[in-house]
Amino acid sequence: MTTTAPAASAGTTAGTRPTGFVRDTAAVFVRESKPLVRDPFSVMFSLVQPLVFLGLFGPLLIGAAGGDVAGTLQWFVPGILVMVALFGTASTGANLLFEMQTGSHERTLVAPLSRSALLVGRALKEVVPLVIQGTIVVVVAVPFGFAVDVAGLAVGLVILAVFGIGFGALSYTLALSCRNRDWMFWMVHQTLLFPLMILSGMLLPLDDGPDWMKVAAAVNPLSYLVGAERALLAGDFGDPAVVGGAIAAIVTCAIGVVVGVRAMRRAS
Amino acid sequence: MPREAGLMTNQMITAQGLTKTFRSKGQTVEAVRSLDLAVGEGELVAFLGPNGAGKSTTLRMLTTLLPPTSGDAVVAGCDVRRDPAGVRRRIGYVGQGSSGGHTQRVRDELHAQGAFYGLGRRETRTRAAELIESLELGQVANRTVQSLSGGQKRRLDIALGLIHRPELLFLDEPSTGLDPHSRANLWQHIVELRRATGTTIFLTTHYLDEADRLAERVMVMDHGSVIADDTAWALKESLAGDRVTLTFESATDASAAAARLGGEIDGADGASARVVTVTAPGGDRALPRYIRELADAGIDVAAATHRQPTLDDVFLALTGRSLRDEAAHAAPIGEASEPVAA
Ligand SMILES: Nc1ncnc2c1ncn2[C@@H]1O[C@H](COP(=O)(O)OP(=O)(O)O)[C@@H](O)[C@H]1O
Ligand SMILES: [Mg+2]
């Protein structure tokens, strides 16, 4: 039984060129971004919760601070920005989970795409809604007396974007390992989200908390992000917290992408 | 006949000893057992079998989605183990589930698919427009996938599988879950694709009529093995023969006739006890002979029919089970798609 298939190397597939990682990543990124381009208001979906926190928690914090509006917002809004990055990217794996259960993900696995591109293209897409959402939060806060340093905001958003890529990749990794067990995805998601949020000091200061909380905050990358954003949005580029936040974002990104790419390779 | 013909032409798919064993929760499932396959260029083959026969698992090994436990396969000239990327570039695959992203628009999804296969921007757009036209997706091209009907989703799946003009197309249960009208429409598209491009098509189905209507060659699969492989016509002719059904006035006449003709009484009591079915090659010619023979023996035939065997008769003859009954328990689309195994 000889296997000769000259048609395989010529003819019908002439239009198909070999694809590289960068091009594959771009193709995946474009596909993932399309629903947002078609329906820009969908960015509001994961923005609702941070805005609720801003609107309901903000006045309480201001009251506790003896009515110091500007000072409280200066402290609180950077935390909400980090919350946006956290909430937006933590649930992004749910899309992949859904596509794994239909046949959409399987289709991309049969396409001649690099496995890394399937993960990286998706994770990069997180940057777009995150930057839009972060900007919206700041714009909403400014009329209430929030003073923003524009250059600091730009750098702050870059750091958040790097973190978002990594955290989105982790969410995809979770989806890849949960397969058809939605409940497991959401259980892990819900179990981690609020502890990560509270143990970062983004809503309430941890200075008066017990020691174990301070230890937990010290290993929580979000703590460093919150510190960095507070410094950057105030225009204080020299604050060592900025470097700490940048390192936390880069480490999260590196871990997320490495773990995610491995999970995606195993998926085929 | 097609098997020999396959050897003459170029092979599009060959497999030797292809085996897949799943191990989960201490249980082992031999989904595919030492399968040998040879499909020639331009063939349209139907892989027919009940749910759980191992059809999807076979397809997923041939399309590089699952590594075989053992055995080898060469698909479109590339080895599935050594050159999976080569296989992926050359084949189209329409899986069992719906393959469009639910929040994506139909046209966007086709454009994305073109980019996935490395087509240029202009070529992608032209090709997407062609497929939207030929698969009658024009009305829904700007709608999101989640808003489509089952038939429209399936046509999109096929369009996605064809964007890069593959020389070989795999279709996993293309019409499962569709209403009769959408199924007929889908079949028409498959037949038309074949006529216009000569694409080799390998499809799985648990529908007898689908295999019968579409395929020149039918491979019957059961419990992970291929138990028959021929044209639908030859399978019916060689394995089953025609069905001659004779109805009598009394059960006594029926049992006498059954003994005489070597037939089987349909049931133990009631009306079916008076019905005898005889399997005979060339049943149309056998029927008058039976009536004469029974008249000579003093047995009157009250009614007589003759019908061609169906693929269900073939399946019954091969396995002792009716595929029709098994198909009735088939899982709906989506639920049947298993997770991608490690
Ligand atoms: N990922 C998997 N893990 C464990 N068992 C599986 C997996 N995929 C399929 N099986 C089992 O393998 C057998 C064949 O399944 P499948 O190939 O899907 O059949 P078909 O497509 O003919 O309905 C079934 O018993 C099924 O339960
Ligand atoms: Mg199947």
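From the N terminus onward, the elements of chain A read α-α-α-α-α-α-α-α-α-α-α-α. In this predicted model, chain A therefore counts 12 helices and 0 strands under the DSSP-run definition of such elements. Taken along the principal axes, its C-alpha atoms fill a box of roughly 85 × 35 × 30 Å. Buried residues account for 49% of the 268 residues of chain A. If you look at contacts in chain A between residues at least 6 apart in sequence, 80% of them join residues at least 24 apart.

The surface and charges of chain A are worth a look too. Its accessible surface comes to about 11,700 Å², and 72% of that belongs to carbon and sulfur atoms. There are 16 positive and 15 negative side chains in chain A, with the centres of the two sets 17 Å apart.

Let us add what the record says about this chain. An unreviewed UniProt entry places the feature "domain: ABC transmembrane type-2" at residues 41-267 of chain A. In the model, that span is 77% helix and 0% strand, and its end C-alpha atoms lie 32 Å apart. UniProt, again in an unreviewed entry, also places the feature "transmembrane region" at several spans of chain A, including residues 75-98 and 127-147. Residues 75-98 of chain A are 92% helix and 0% strand, with end C-alpha atoms 38 Å apart. For residues 127-147 of chain A, the helix content is 71%, the strand content is 0%, and the end C-alpha atoms are separated by 24 Å.

Now pick out helix α6 of chain A, residues 115-125. Here 10 of the 11 residues are buried, so the helix is largely enclosed by the rest of the structure. Among the buried residues of α6(A) are A:Arg115, A:Arg122 and A:Lys125, along with A:Leu118, A:Leu119 and A:Val120.

A little further along chain A, you can stop at A:Arg179, in the loop between α8 (150-178) and α9 (182-198). Most residues other than glycine have a negative phi. A:Arg179, however, has a positive phi, near 50°. With a relative accessible area of 28%, this arginine is partly exposed.

Turning to chain B, you meet another make-up: 13 helices and 14 strands. Its C-alpha trace spans about 80 × 45 × 45 Å along the principal axes. Of the 342 residues in chain B, 55% are buried. Among its contacts between residues at least 6 apart in sequence, 70% join residues at least 24 apart. Chain B exposes about 14,600 Å², with carbon and sulfur atoms supplying 49% of it. Its charged side chains number 38 positive and 44 negative, and the centres of these two sets are 8 Å apart.

Chain B also supplies the protein donors of the magnesium ion (ligand 2): B:Ser56 through OG and B:Gln96 through OE1, lying 2.0 to 2.5 Å from the ion. These two residues link distant parts of the chain, being 40 residues apart: B:Ser56 is in helix α2 (residues 55-62), and B:Gln96 is in the loop between β6 (91-94) and α4 (106-116). Both B:Ser56 and B:Gln96 are buried.

Helix α4 of chain B also holds B:Glu109. Is this glutamate buried or exposed? B:Glu109 counts as buried because its relative accessibility is 0%, below the 20% cut-off. Leaving aside neighbours within four places in sequence, B:Glu109 contacts residues of chain A, namely A:Arg31, A:Ser104 and A:Arg107, as well as B:Ser99, B:Gly100, B:Gly101, B:Gln104 and B:Leu160.

Two further stops in chain B round off the tour. B:Ala76, in the loop between β4 (70-75) and β5 (78-79), has a positive phi of about 50° although it is not a glycine. This alanine is buried, with a relative accessible area of 0%. B:Val29 sits in strand β2 (residues 27-40) and is partly exposed, at 40% relative accessible area. Beyond its neighbours within four places in sequence, B:Val29 is in contact with B:Lys20, B:Thr21 and B:Phe22. Finally, the C-alpha atoms of B:Val29 and B:His223 are separated by 9.9 Å, while the two residues are 194 residues apart along the chain.

Definitions and conventions: Residues numbered from 1 in each chain as written. Chains lettered and ligands numbered in written order. Heavy atoms only, no water. Donors = N, O, S within 2.8 Å, 3.2 Å for Na, K, Ca; no water. Helix = DSSP H or I, 4+ residues; strand = E, 2+ residues; numbered from the N terminus. Buried < 20%, exposed > 50% of the residue type's maximum accessible area, 1.4 Å probe, protein only. Contact = heavy atoms within 4.5 Å. Areas by Shrake-Rupley, 256 points an atom, 1.4 Å probe, with all protein chains shown as cover. Lys, Arg positive; Asp, Glu negative; His and termini not counted. Charge placed at Lys NZ, Arg CZ, Asp CG, Glu CD. UniProt positions renumbered as here; feature names shortened; annotations may be inferred.
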